[in-house]
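Biologist: I am new to this structure and would like a close look at a single part. Could you take me through the salt bridges and the residues that form them?

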Amino acid sequence: MSGFTLRDRIRNEHIREKVGVAPVEDKIRESRLRWFGHIKRRPCYDPVRRVEVLDLTYVKKGRGRPKKDLVRKY
């Protein structure tokens, strides 16, 4: 697009400045903020909104592989 090849060994930042493309971090931040605005406009009883106030302090996850069930399921 800009006429450079990999053999030119020019850093991506320099090419982005020349082409005028925004940094990737800014684009990710924009999309996250757009999604955040989407969520904030949902009703309070929506499952996505209820996750905001979910308290996970009482949940304890075990380490390693789960134990094998002793009951056979046929």
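Modeller: Glu-52 is a good place to begin, and with a relative accessibility of 41% this residue counts as partly exposed. Please keep in mind that the model is predicted. Glu-52 pairs with Arg-49 in a salt bridge whose closest N and O atoms are 3.3 Å apart, and Arg-49, at 14% relative accessibility, counts as buried because the cut-off for that word is under 20% relative accessible area. The pair does not stand alone, since salt bridges with shared partners join Lys-40, Arg-49 and Glu-52 into one network.

Another bridge links Asp-46 with Arg-42, and here the closest N and O atoms lie 3.0 Å apart. Asp-46 is buried, at 11% relative accessibility, whereas Arg-42 is partly exposed, at 42%.

In helix α2, which covers residues 24-40, Lys-27 and Glu-30 sit three residues apart, about one turn of the helix, and their side chains meet in a salt bridge with an N to O distance of 3.8 Å. Both ends of this bridge are partly exposed, Lys-27 with a relative accessibility of 46% and Glu-30 with a relative accessible area of 40%.

As for the count, a search of the whole structure finds five salt bridges, among them the bridge between Arg-49 and Glu-52, the one between Asp-46 and Arg-42, and the one between Lys-27 and Glu-30.

Key
Residues numbered from 1 in each chain as written. Predicted model: local features only at pLDDT ≥ 70, side-chain atom pairs only at ≥ 80, totals over all residues. Heavy atoms only, no water. Salt bridge = Lys/Arg side-chain N within 4 Å of Asp/Glu carboxyl O. Helix = DSSP H or I, 4+ residues; strand = E, 2+ residues; numbered from the N terminus. Buried < 20%, exposed > 50% of the residue type's maximum accessible area, 1.4 Å probe, protein only.
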